[in-house]
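Notebook open, coffee poured. I want to look up some strand pairings and one helix contact, and jot down what turns up.

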Amino acid sequence: MTRGTQLEIRPQALRHNAALARKLAPDSSVYAMVKANAYGHGLALAVSAMAPVVDGFGVAFVEEAQELLAIKPDVRVMVLEGCFDEEEWLLASELGLTVVLRSTAQLAQLNVLKLPRSLALWVKVDTGMHRLGMPVGEVDAAISALKHNPYIELKGLMSHLACADEPQHPLTARQLALISAAAQSFGLPYSVANSAALIRYPEHHNTLVRPGIMLYGASPLAEQSAAALGIAVTQQLTAPIIAFTQVPKGESVGYGASWVAERDTRVAVVALGYGDGYPRHAPSHTPVAINGQRTTLAGRVSMDMLTVDVTDMPHVMIGDRVEFWGDTVSATEVAEACGTISYELFCQVTSRPRRVIRDK
């Protein structure tokens, strides 16, 4: 007998979503983002599922690239944060990685090195997100230095969009204009299309697109659902009901007495909590589903359990599974209720829920 809390992962859905990205950008290289353990889905599983469909994979740093290559040595890997010291530049070259150069400090490290083999490099340009990347005014000198470096294969310019998920945001138009103009002036390709831009701005697919969240079953667009975009659900988080309690009108449930029954209420206690990665700050109106019927949380999330209003579900029983996100309740809905994003929900599920693979 086990506690029964489980995260179901669906490789076929990952493969479907990667194929959708490919279909949307048929003339571009497609690099699937698998940072942070493939957004919590499991790096080995995600890479195995998507490798037949995509051209390569993107990770945040060199250690993630090493982990990926240990799983599948023959794939192309791009390191989006670049290298942090001279030792990593040498290692990246030995491993045959593609690396993003994001600063003049990195360029200075690179320029004094004799690399063991040619290194493919993208130059990241800060077009308005103001997080990583060279200011546009520094790009000319950087490209000149790189073109004179015999160890470097310059692939193009890269930037990252801050607001592509929001329709017609003025910053996006400025960023797209800057990166496309800079690429044209240097005669280089560019890469700017994350999931949202891949769908919303096909004219900016250019030579390489970098889908992330759409691969993992969530919509990258604020105004359209994953289902409407043809994105398949890649995971379902569920746990069983372990007890019921009757709460009279006016009585409270859980820590802090934050939820008070507005009627005589039947409450189900469920074997999942913030120790499993469900958000502690999820409010009482956060949706869940039981047997395909929607209801809501009732009271604060505890470490090992939470409570759900099942007054209008007289037939639910001990052992019935509660879906926290998946087929009936989307991760996006839960994220919106919690004031966060689906990325965080996926990444913060702990090792406590049992992983179950459903490849059909």
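Started with E11 and strand E14 (residues 265–270): six bridges join the two, and they run antiparallel. For a concrete pair, I picked Val247, which stands opposite Thr265 in E14. Note to self: this is a predicted model.

Next I asked what else E11 pairs with. Strand E18 (residues 321–325) pairs with E11 in the antiparallel sense, over four bridges. I looked up Thr238 there, and its bridge partner in E18 is Glu323.

Then strand E1 (residues 6–9). E1 pairs with E11 (residues 235–247), antiparallel again, over four bridges. Which residue of E11 is the bridge partner of Leu7? I found Leu237.

General reminder for when I look at side chains: in a regular strand they alternate between the two faces of the sheet.

Moved on to the helices. I checked helix H1 (residues 11–24) against helix H3 (residues 43–50): their axes come within 8 Å and cross at roughly 50°. That angle makes H1 oblique to H3, because roughly parallel would need under 35 degrees and roughly perpendicular 65 to 115. As for the hand, H1 passes H3 in a right-handed crossing.

Which residues make the contact? On the H1 side I listed Pro11, Leu14, Arg15 and Ala18. On the H3 side I have Leu45, Ala46, Ala49 and Met50. Sorting the residues of this H1–H3 contact by type, I get seven nonpolar, no polar and one charged. The charged one is Arg15 of H1.

Note on methods: Residues are numbered from 1 along each chain as its sequence is written. This is a predicted model: local features need pLDDT of at least 70, side-chain atom pairs count only at pLDDT 80 or more; totals for chains, interfaces and linings use all residues. Side-chain values use heavy atoms; hydrogens and water are left out. Two strands pair if DSSP finds at least two bridges between them. Axes are lines fitted to C-alpha atoms, for helices over the stretch in contact, and angles run from 0 to 180 degrees between N-to-C directions. Angles under 35 degrees count as roughly parallel, over 145 as roughly antiparallel, 65 to 115 as roughly perpendicular and the rest as oblique. A crossing is left-handed if the near helix is turned anticlockwise from the far one by less than a right angle, and right-handed if clockwise. Contact means heavy atoms within 4.5 Å.
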